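Thank you for making time for this at the group meeting. I would like to walk you through one protein, going slowly, for anyone who has not looked at it before.

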Amino acid sequence: MATDKKLVIVESPAKARTLAKFLGSGYTLKASMGHVRDLPKSKLGVDVDHDFNPQYLNMRDKLAILKELKEAAKKAGAVYLATDPDREGEAIAWHLKEAACTPSVPCRRVTFHEITREAIAAAFKSPREVNMNLVNAQQARRILDRLVGYKLSPLLWQKVRRGLSAGRVQSVALRIIVDREREILGFKADEYWTIEAELSKLVPSTPKSFKAILIGSGDKKKISIGTGTAASDIVADLKPAEYSVARVTSKDSPRQPAPPFITSSLQQEAYRKLRFSARQTMAVAQQLYEGLPVGAEGSVGLITYMRTDSTHVAASAIAETRDFIAEKFGSGFLPKTARLFARQVKGAQEAHEAIRPTSTRREPAAIKEYLEPNQFKLYQLIWQRMVASQMAAAVFENVTIDIDARKTPSKTRYTLRAQSSRNTFPGFMALYTEGRDEEEEAKTPPLPPLSEGELLKLLDPKASVSPEQHFTQPPPRFTEATLVKTLEQFGIGRPSTYAPILGVVQEREYVTKEKGAFKPTELGMAVSDLLVQQFPEVIDTGFTAQMEDRLDKVADEGLDWVKVVRDFYVPFEKDLSTAEEQLERVPMPVEVSEDCCPQCAKEKLLIKIGRFGKYMECPACGFRQSFRIRTGVMCPNCPEKGEIIGRYTKKGKLFYGCSAFPKHSFAMNARPLPEPCPKCGGLMGELKPGQKSCQNPECADYKGKRFLRRSKTASTSPRSRSVSTGSKTAAAVKRTKAGQNKSRPEEK
């Protein structure tokens, strides 16, 4: 029986709670917990002979949710699909309409880029139909990724080893990492020398001395010193030389603030400053966007939508920010006119806003007590970046002094240069400065007041000229920040795909991290080389960027998505057939563990890959056991005196447990450390490099993250049921805070 109550369907319970606060009692809110339909896992699910028709199935873990949504839709006076305002959200809305809505009840789409009262009211005043151009763009991407993944992965299983996968964008990212590694391996260092002289005024001053570096010789504005002998000859000329100031240049240089965050720049900066992975950044940003309880305000959306390419900011938000700056910092920190950022990344979706706080007045310090540490850190970063973007430019006084060094009577002449930079007005830097991927600029000490023609002297004629040997360095490996930046520059991927790309190349063991940088494994290099050899176009950066452009045209201009997929698939299928026929198996080195076989004790166990992941096998007697990582740390309080060893769950997550399991079921997420806790003598663990904590709950320094094995009968999955705003359990609240409330296929 229909009622006047309207049904609003969103993806997550957190978002439902926040919306409920604004919509009132006339609305019922329910969460779909992400996608409800997808392509089947057991087969291709795409009819390549009939216009690539996709075979969508209701997801098994969403059947109960769909049943509840269907019943609620039948009883509602109207249904509003309020999923996220991007292509993925539009696709989820379309699948919900197809699977849950009924023709007898109006089913409309509403979108908003921030969860605030004003934005919600505007969205519900102007509902619309589902935008099929956006749906088709997402559908085309999903089908392309399915075709590449389900066609290429079996080839890798056959020619390399079982359990591997390939992806349309993932494989391009891997190629970029491998190409950089090859540059590093093939790099040949060149020797070069620099020469620095420590000078002073003839009359003592403050500072007493300053350093100038050699930049030219004679009429040459640049000098290159390739050997120690050449450097020694120049040093011999400089020590008895006469020094004088040739030129003094001083100018004020403004430094403008960075624009508010877009998805890629947020991921980069969160890695630089907080060491958050791209996936972690997006999970925490999702929580801030969907809403968190903030004291008397209740559940509040703290930031605008976090998947965006646009640096545009609403006029109302700019006005609020400028008022805040004038009050907090004074009118001197406020530019005369508002700063506008119109730049959009190539392929930007819709007229999104940048990532900013929903209210500048909501200062981070004022809400810190209501946020978890990572939520606070990311919110503070977003808030500072937005406020700084509307503050006055910082001003630096840059001084450059060119110095002549002449050796008489030979009249040999050299040019040296001294520079200094002094901040004369902090501007936006009083609040925030952008992080850097490369080494920080060296701070330059102040220079004494000098005038053209003024004579100078070496501080110590015997020791004040210093030659230094250097060697050119290979290009650095990619970090999460620099890889996202490179993908963005190439036009590869979109805001919703950066984090999954970085995650999957690590999960497949194609790359490892060394000191925070990606290093390809032998397996990763073998897979990349095979794909480059057999499918040079498919994993070419230019071709992939061109494909992204065509998908954008599907969304923006209604380009036929079937033609886009067909143009890709026809040549791809030919290359695939050739590879299956001609490609020989790629030999991979056998990985040997440190453990001897416990059964025959003759050989060390070999590490192999099977259908369900890694396992260990004895080459002599055939004994097998699950893959283990030795730590050398004894399990505490274990009656069997077992060792803590690393194992992988079925989902590929590493944990550490007692080797005597199931007799002793101790387990922990942190990597065990051999040194005991200095306070209680208990077991120490390391969750992240440099972050050590005691694992003893009774210790005053206990910060461990032990976990309990869940019962097989317990249903704790956030996808196992729909959650309405009236029946929120404590477990669901905990899951929402953990950022496990969405299920996007491309992010798995």
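**A walk through the model**

Let me begin with one residue, Ala-326, which, once its neighbours within four places in sequence are left aside, is in contact with Ser-331 and Leu-334. Before I go further I should say that what you are looking at is a predicted model, so please hear everything that follows in that light. Ala-326 belongs to helix H10, and with a relative accessible area of 34% it counts as partly exposed. If you look from Ala-326 across to Met-391, which is 65 residues away along the chain, the C-alpha atoms of the two are separated by 9.3 Å.

Now let me step back to the whole protein. Its secondary structure comes to 18 helices and 30 strands, and of its 748 residues, 49% count as buried. If we take the contacts in the protein with a separation of 6 or more, 68% of them are accounted for by residues 24 or more positions apart.

With that in mind, I turn to the strands. There is an open sheet of four strands, in the order S2-S1-S7-S8, and the pairing in this sheet is parallel. Which strands stand at its edges? They are strand S2, residues 27–31, and strand S8, residues 107–109, and each of these has a single partner strand, so one side of each is left without a neighbour in the sheet. From one strand to the next the twist averages 25°. Looking inside the sheet, strand S1, residues 6–10, pairs with strand S7, residues 78–81, in the parallel sense over four bridges, and here Ile-9 has Leu-81 of S7 as its bridge partner.

A second open sheet of four strands follows the order S24-S25-S26-S27, with antiparallel pairing. At the edges of this sheet are strand S24, residues 629–634, and strand S27, residues 667–668, each of which pairs on one side only. Between S24 and strand S25, residues 643–648, there are four bridges in the antiparallel sense, and Arg-630 stands opposite Ile-645 of S25.

There are also two strand pairings that share strand S10. Strand S9, residues 191–201, runs antiparallel to strand S10, residues 210–217, and four bridges join them, with Leu-199 standing opposite Phe-210 of S10. S10 is in turn joined by four bridges to strand S15, residues 412–425, again in an antiparallel arrangement, and in this pairing Leu-214 stands opposite Leu-416 of S15.

Next, the helices. Two packed helices are described by the angle between their axes and the distance between the axes, and I have two pairs to show you in those terms.

In the first, helix H5, residues 132–159, packs with helix H16, residues 541–557, at an angle of about 150°, and their axes are 7 Å apart. H5 and H16 are therefore roughly antiparallel to each other, since angles over 145 degrees are counted that way. On the H5 side, the residues making the contact are Asn-133, Leu-134, Asn-136, Ala-137, Ala-140, Arg-141 and Leu-144, while H16 contributes Met-547, Glu-548, Leu-551, Val-554 and Ala-555. Sorted by character, the residues of this contact of H5 with H16 are eight nonpolar, two polar and two charged.

In the second pair, helix H1, residues 13–23, meets helix H4, residues 117–125, at an angle of about 80°, with axes 10 Å apart, and that makes H1 roughly perpendicular to H4. Leu-19, Lys-21, Phe-22 and Leu-23 of H1 make this contact with Arg-117, Ile-120 and Phe-124 of H4. The residues of the contact of H1 with H4 divide into five nonpolar, no polar and two charged.

I will finish with two residues in loops. In an unreviewed entry, UniProt lists Tyr-305 for "active site". Is Tyr-305 buried or exposed? With a relative accessible area of 2%, Tyr-305 is buried, and its place is the loop between strand S13, residues 299–300, and helix H10, residues 315–328, the helix that also holds Ala-326.

The other loop residue is Thr-479, found between strand S17, residues 465–471, and helix H13, residues 480–490. Thr-479 has a relative accessible area of 18% and is buried, because the cut-off for buried is under 20%. Not counting residues up to four places away in sequence, Thr-479 touches Tyr-271, Gly-516, Ala-517 and Phe-518.

Definitions and conventions. Residues are numbered from 1 along each chain as its sequence is written. This is a predicted model: local features need pLDDT of at least 70, side-chain atom pairs count only at pLDDT 80 or more; totals for chains, interfaces and linings use all residues. Side-chain values use heavy atoms; hydrogens and water are left out. Axes are lines fitted to C-alpha atoms, for helices over the stretch in contact, and angles run from 0 to 180 degrees between N-to-C directions. Angles under 35 degrees count as roughly parallel, over 145 as roughly antiparallel, 65 to 115 as roughly perpendicular and the rest as oblique. Contact means heavy atoms within 4.5 Å. Ala, Val, Leu, Ile, Met, Phe, Trp, Tyr, Cys and Pro count as nonpolar, Asp, Glu, Lys and Arg as charged, and the others, Gly among them, as polar. Two strands pair if DSSP finds at least two bridges between them. UniProt positions are given in the numbering used here, feature names are shortened, and annotations may be inferred rather than shown by experiment. Buried means under 20% relative accessible area, exposed over 50%, partly exposed in between (1.4 Å probe, protein chains only).
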